[in-house]
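Here is a note for a colleague who is opening this structure for the first time. The points below may be read alongside the sequence and the model.

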Amino acid sequence: MTERKIVDGRGSFCPGPLMELIVALKHSQVGDELEVLSTDKGSADDIPEWVRRVGHDYVSTTENDGVWHIVVRKTK
Amino acid sequence: MRIKEKKMVGQKICVVVISGTLERLQAAAMLASVAAVSGQEVRVFLSMNALPHFIKGSTAEAPHEGPMGDLMKARNVPEFKMLFEQAIELGGARLYPCSMAMDVLGIGSEQLEDYLGEATGLSRLLTEVQDGQVWTF
């Protein structure tokens with residue numbers, strides 16, 4: 001059973017939200033989706049690049065009222 | 001394609017930190033942590049004015065070079081010491097204190113943060129950097 005976890009990186013700056021995502025990935029199962037919340041535009045741009053580099057699935061990015069929602073699926 | 005990407009991600013980097021200013025320590029810590037969690041082998045050498053920040057009990061307080069240092073303090077930027085620790089814990093990075101700087105400071109390994117590796121001299125540094133990129137801060 002997969003679930004979507006929220007990783008709240010709001011208020012932090014690069015690479016804070018990425019590091020929080022990585023900690024959350026360590027505690028997740030393959031197939032789980034994680035949604036990172038970030039108020040830092042740089043992190044919103046850089047997290048998908050990291051996801052591609054290491055081989056997880058990048059699902060989507062949306063922005064709402066200055067908060068970016070980056071969705072990632074754990075593949076390994 | 002997959003193999004090619006993997007090879008690129010696996011490249012080793014050596015981060016040499018000489019400066020004790022906040023901006024440079026911060027940039028070095030960001031690079032080391034993101035590279036380490038991206039699967040790259042990361043070695044960090046701490047020397048000169050960078051090393052005293054890693055004496056046990058010292059905080060992440062460091063002098064600023066310019067306005068970015070003040071701005072980073074005012075914002076919620078992750079502390080450089082925390083980022084280095086995350087590089088170790090999450091990405092297997094290794095941090096080494098420079099043996100010369102330790103001699104000059106008159107300190108032993110037991111006075112440095114526990115997460116630092118053994119005292120390292122220039123010959124060892126030169127061996128480590130042979131097969132990796134070198135970034136100097």
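1. In what follows, contact means that heavy atoms lie within 4.5 Å. The model is a predicted one, and with that in mind a good place to start is chain B, where B:Leu22, B:Glu23 and B:Gln26 of helix H2(B) meet B:Met68, B:Gly69, B:Met72 and B:Lys73 of helix H3(B). Sorted by class, this contact has 3 nonpolar, 2 polar and 2 charged residues. The axes of H2(B), which covers residues 22-37, and of H3(B) come within 9 Å and cross at roughly 65°.

2. B:Lys73 deserves a second look, since its side chain also meets that of B:Glu61 in a salt bridge, with 3.1 Å from N to O. The pair links distant parts of the chain, B:Glu61 lying in the loop between strand S2 (42-46) and helix H3 (67-74) of chain B and B:Lys73 in helix H3 itself, 12 residues apart. Over all chains, a search of the whole structure finds 16 salt bridges.

3. How many salt bridges does the rule find across the interface of chain B and chain A? The count there is 0. The interface is nevertheless well defined in other terms: 18 residues of chain B are in contact with 16 residues of chain A, and the area buried between the two chains is about 1,400 Å², of which carbon and sulfur atoms give 65%.

4. One helix pair spans the two chains, namely H1 of chain A (residues 16-26) and H4 of chain B (residues 80-91), whose axes come within 12 Å and cross at roughly 30°. Angles under 35 degrees count as roughly parallel, and H1(A) and H4(B) are therefore roughly parallel to each other. Their crossing is left-handed. On the side of H1(A) the contact involves A:Met19, A:Ile22, A:Val23 and A:Lys26, while H4(B) contributes B:Leu83, B:Gln86, B:Glu89 and B:Leu90; by class, these residues divide into 5 nonpolar, 1 polar and 2 charged.

5. Within chain A, H1(A) also packs with helix H2(A), residues 41-54, and here the axes come within 10 Å and cross at roughly 40°, which makes H1(A) oblique to H2(A). From H1(A) the contact takes A:Pro17, A:Leu18, A:Leu21, A:Ile22 and A:Leu25, and from H2(A) it takes A:Ser43, A:Ile47 and A:Trp50. These residues divide into 7 nonpolar, 1 polar and no charged. A:Ile22 is thus listed in the contact with H2(A) and also in the contact with H4(B).

Methods: Residues numbered from 1 in each chain as written. Chains lettered and ligands numbered in written order. Predicted model: local features only at pLDDT ≥ 70, side-chain atom pairs only at ≥ 80, totals over all residues. Heavy atoms only, no water. Axes fitted to C-alpha atoms, helices over the stretch in contact; angles between N-to-C directions. Helix = DSSP H or I, 4+ residues; strand = E, 2+ residues; numbered from the N terminus. Parallel < 35°, antiparallel > 145°, perpendicular 65-115°, else oblique. Left-handed = near helix turned anticlockwise from the far one by under 90°. Nonpolar A, V, L, I, M, F, W, Y, C, P; charged D, E, K, R; others polar. Buried area = accessible area lost by both parts, 1.4 Å probe. Salt bridge = Lys/Arg side-chain N within 4 Å of Asp/Glu carboxyl O.
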